[in-house]
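Here are my notes on this one, as numbered points. Have it open while you read.

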Amino acid sequence: MSKRVVRWLRHQRDTSHWRNTDAMYRAIVVGVGLVGAGVLVHAIVLVLFGAPLLLSAVIAMTRPQPGVPVVHMPRVPRTMEPGRKTEVVFDIDAPNVELIALRAPHPKNSGVGHVHLIAGTVRQVRTQLNRAGWGEGVDLRPDRLFAGPDALRVYGPLVGVEGRRTLLPPVDLLPTGPLPPRPAGLVGAHRSPRPGDSTELRDIRVFQPGDRLRRVDWRVSLRSSAATGGVLTPSMLHVRERHADAEATLVLAIDTRVDVGGDLGDWATGTPGARLRENGTLDTAVRAASALAASYLRQGDRVGLVDLGRPQLSLAPGTGARHLLRLRHQLVVCARGAGWAAKPVLRPRQAPAGAFVMVLSPFLDDAMVNLTATVVRRGIRVVAMDLLPEELTPAAGDPWGEAVLTVIRTEHRVRLETLRQHGIAVIRWGSDMPGTLRRLARRAR
């Protein structure tokens, strides 16, 4: 085989250039065959059938090669809030093209979409990105193919560059319940045992050097002076002492080692095409952590994040709107790296003294119970949030399905009872979260 033939074959396999299609070669072969056969057998019908095919192939081969068609990739924000629709515009620069095959997302479906056939005269395609759920994903990949006249020559197919977006976990603000104060701070929305300048009365005591005059309770002072003949002396002055406002530190400890749903048959298999199970334990944990963090950060508290499976992905406690955005990003990172770890880890420095730790887990193994009990022994208040689905169904077609379900439920009840015996309150994620937290705070006081 000559070098010219090899070069021609390679050029035909290269999809980044205009190349002849199989229809071109069929038109030449069939056209020449029909015209030749018609001449040999003197059949004008064969010539009439073969001449248009041969003529169209000759015109396509002698026509000047079109320019390089281009589809400009639309710019998409890398980070977005869930539920917001984003309009994208594909600008097409393809002269002398009759047909364009373009992969574009559909407004009603999520993902990169299907291949759409559009006319070559179209210069702009508008659509919307619509992806349910949160997390990282590919929303754009403009694969394209351009066809010349009669589709005898094509350019492509070309695989487009992936456009990735990160949808942050949703924020559902909750009417937060009170948390135990952090004694190290003197600002915040919670009552501290220390005296300060809050609005809640702590005590009325005798005036001492260093007290401000604006704190003097004149009614009590005058009543004290009346009992001694109406002479107001410095020893008769009384001041109103108030509680100080302190900030609370909430540490959200998420168990990313397991992600299970309500069907026991799917526990050992992954969800096709998805990293997380929809309404699974990890999805619920991330949504709950995002809602709790937003609610407590809104009232001035400090919120931190701990990944029990991979502690290096944890986030130190902080405050403010920027910290909430950072925490939501970190939740996506934790979910992306989720996977089984033999032992959960919660280091002492990740839960400082005076903090309030909330462990979010389905509690499917004894290691989580041992970890939670160890944190309590350090003198830190802990609340366990049970995320195991309430409705569990056995694996279909498994004769041992009911027995396995009974064992799992029994072991789970034993673990939760062990937590309660260690003085750990066990709650479930639901609509009664604020009331539950208030009851826990009143019990602590």
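1. Is Ile44 buried or exposed? Bear in mind that this is a predicted model. Ile44 comes out as exposed, because its relative accessible area is 57% and the cut-off for that class is over 50%. Its place is in helix H3, which covers residues 44-62. Together with Val45, Leu48 and Phe49, Ile44 makes a nonpolar surface patch of about 450 Å².

2. That patch is worth reading next to the record. UniProt, in an unreviewed entry, lists residues 27-55 under "transmembrane region". In the model this stretch is 93% helix and 0% strand. The C-alpha atoms at its two ends are 9 Å apart.

3. Now look at the loop between helix H2 (22-41) and H3, where His42 is found. His42 has a phi near 55 degrees, a positive value in a residue other than glycine. His42 is also exposed, at 75% relative accessible area.

4. A second positive phi turns up at Phe363, about 55 degrees, and again the residue is not a glycine. Phe363 sits in the loop between strand S17 (356-361) and H7. Why does Phe363 count as buried? Because its relative accessible area is 0%, and anything under 20% falls in that class. So for backbone checks I'd list His42 as exposed and Phe363 as buried.

5. On to the open sheet of five strands. Its order is S1-S10-S9-S5-S6, and the pairing is antiparallel. Strand S1 (18-20) and strand S6 (114-119) are the edges, each pairing on one side only. On average, neighbouring strands here are turned by 25 degrees against each other, direction ignored.

6. Within that sheet, strand S9 (residues 144-147) and strand S10 (residues 153-158) run antiparallel and are joined by three bridges. Phe146 has Tyr155 in S10 as its bridge partner. S10 also holds Pro157, and the peptide bond from Gly156 to Pro157 is cis, with omega near 5 degrees. I'd mark that bond when you go through the backbone.

7. Which strand is largely enclosed by the rest of the structure? That is strand S15 (residues 302-307), because five of its six residues are buried. S15 is joined by six bridges to strand S14 (residues 249-254), and these two run parallel. With strand S16 (residues 315-318), S15 pairs in the antiparallel sense over two bridges. Val303 of S15 stands opposite Leu250, and Val303 also has Gly318 in S16 as a bridge partner.

8. How many salt bridges does a search of the whole structure find? The count is 15. One of the pairs is Arg415 with Asp366, at 2.9 Å from N to O. This pair links distant parts of the chain, 49 residues apart: Arg415 is in helix H8 (residues 401-421) and Asp366 in helix H7 (residues 366-377). Arg415 is buried, with a relative accessible area of 9%, whereas Asp366 is partly exposed at 48%.

9. Glu390 and Arg428 also meet through their side chains, in a salt bridge of 3.2 Å, N to O. Here too distant parts of the chain are linked, 38 residues apart, with Glu390 in the loop between strand S18 (381-386) and H8, and Arg428 in strand S19 (residues 425-428). Glu390 counts as exposed at 57% relative accessibility, while Arg428 is partly exposed at 34%.

10. Two more charge items to finish. Arg164 and Glu162 form a salt bridge of 3.8 Å, N to O. Arg164 is partly exposed at 41% relative accessibility, and Glu162 is partly exposed too, at 43%. Elsewhere, Arg103, Arg141 and Asp143 are linked in a network of salt bridges.

How values were computed:
Residues are numbered from 1 along each chain as its sequence is written. This is a predicted model: local features need pLDDT of at least 70, side-chain atom pairs count only at pLDDT 80 or more; totals for chains, interfaces and linings use all residues. Side-chain values use heavy atoms; hydrogens and water are left out. Patches are made of residues with over 30% relative accessible area and no salt bridge: like charges are joined within 9 Å, nonpolar side chains (Val, Leu, Ile, Met, Phe, Trp, Tyr) within 5 Å. Accessible areas come from the Shrake-Rupley method with a 1.4 Å probe; for residues, only the protein chains shown count as cover. A salt bridge is a side-chain nitrogen of Lys or Arg within 4 Å of a carboxyl oxygen of Asp or Glu. Helices (H or I, at least four residues) and strands (E, at least two) are DSSP runs, numbered from the N terminus. Buried means under 20% relative accessible area, exposed over 50%, partly exposed in between (1.4 Å probe, protein chains only). Two strands pair if DSSP finds at least two bridges between them. Axes are lines fitted to C-alpha atoms, for helices over the stretch in contact, and angles run from 0 to 180 degrees between N-to-C directions. UniProt positions are given in the numbering used here, feature names are shortened, and annotations may be inferred rather than shown by experiment.
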